[in-house]
Amino acid sequence: MSYADLVIDLLSRTVTRAGKAVELLPREFSLLEYLMKHAEQVVTRSMLLEHVWDVHFDPHTSVVETHVSRLRGKIDRGSAVPLIHTVRGSGYTLRAAK
């Protein structure tokens, strides 16, 4: 799968951005995979909890925010164009332009 200069290989479970390897933990990989499958769509916190963590609802956890922040740091660090965006009050999206 690819989006902009981000490439994710589902078989080898590797990720590259602009040709450079990005090391991800298994949960970060799953999170990125879900965001890529829904590129340019807003995915809610609840959707991520259900599909990435298999948790149906936990209003008190900050696990999504923590993992998105870490993933954003790894994917967008050193890039002129950030790909992971927060949609205030709604969720997150993967897109090349704000």
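These notebook entries record what I looked up in the structure of one protein chain.

**Entry 1: the model and its fold**

I noted at the outset that this is a predicted model. I then read off the secondary structure and found 3 helices and 6 strands in the protein chain. Followed along the sequence, these elements come in the order β-β-β-β-α-α-α-β-β.

**Entry 2: overall dimensions**

I looked up how far the C-alpha trace extends along its principal axes, and the spans are about 40 × 30 × 20 Å. I next checked the radius of gyration, which is 13 Å; this agrees with the value near 13 Å for a compact globule, because the chain has 98 residues.

**Entry 3: burial, contacts and surface**

I asked what share of the 98 residues is buried. The figure is 36%. I also looked at contacts in the protein chain with a separation of 6 or more, and residues 24 or more positions apart account for 46% of them. For the surface, I recorded an exposed area of about 5,800 Å², of which carbon and sulfur atoms supply 53%.

**Entry 4: charged side chains**

I recorded 13 positive and 11 negative side chains. The centres of these two sets lie 6 Å apart. Side chains of opposite charge can pair when their charged atoms come close. I therefore looked up the salt bridges, and the count comes to 5, with a nitrogen-to-oxygen cut-off of 4 Å.

**Entry 5: the pairs of Arg17**

I began with Arg17 and Asp5, which form a salt bridge with the closest N and O atoms 2.5 Å apart. This pair links distant parts of the chain, as Arg17 is in strand S3 (residues 14-17) and Asp5 is in the loop between strand S1 (2-3) and strand S2 (6-9), 12 residues apart.

I then found that the side chain of Arg17 also meets that of Asp76 in a salt bridge, at 3.1 Å from N to O. Here too distant parts of the chain are linked: Arg17 belongs to strand S3 and Asp76 to helix H3 (residues 63-76), 59 residues apart. Asp5, Arg17 and Asp76 are thus recorded as linked in a network of salt bridges.

Is Arg17 buried or exposed? Arg17 counts as buried because its relative accessibility is 7%, and the cut-off is 20%. Asp76 is buried as well. Asp5, in contrast, is partly exposed, with a relative accessible area of 32%.

**Entry 6: a pair within one helix**

I turned to Glu33 and Lys37, whose side chains meet in a salt bridge at 3.1 Å from N to O. Both residues lie in helix H1 (residues 26-37), 4 residues apart, which is about one turn of the helix. I recorded Glu33 as buried, since its relative accessible area is 17%.

**Entry 7: the surroundings of Arg13**

I looked up Arg13 last and located this residue in the loop between S2 and S3. Its relative accessible area is 44%, so Arg13 is partly exposed.

Which residues does Arg13 touch, not counting those up to four places away in sequence? They are Pro26, Phe29, Ser30 and Glu33. Glu33 is therefore a residue that I had already met in helix H1, where its salt-bridge partner Lys37 also lies.

Finally, I looked up the separation of Arg13 and Ser79, which are 66 residues apart along the chain. Their C-alpha atoms are separated by 22 Å.

Key:
Residues are numbered from 1 along each chain as its sequence is written. This is a predicted model: local features need pLDDT of at least 70, side-chain atom pairs count only at pLDDT 80 or more; totals for chains, interfaces and linings use all residues. Side-chain values use heavy atoms; hydrogens and water are left out. Helices (H or I, at least four residues) and strands (E, at least two) are DSSP runs, numbered from the N terminus. The radius of gyration is taken over C-alpha atoms; the globule rule is 2.2 Å times the number of residues to the power 0.38. Buried means under 20% relative accessible area, exposed over 50%, partly exposed in between (1.4 Å probe, protein chains only). Contact means heavy atoms within 4.5 Å. Accessible areas come from the Shrake-Rupley method with a 1.4 Å probe; for residues, only the protein chains shown count as cover. Lys and Arg count as positive and Asp and Glu as negative; His and the chain ends are not counted. The place of a charge is taken as NZ of Lys, CZ of Arg, CG of Asp or CD of Glu.
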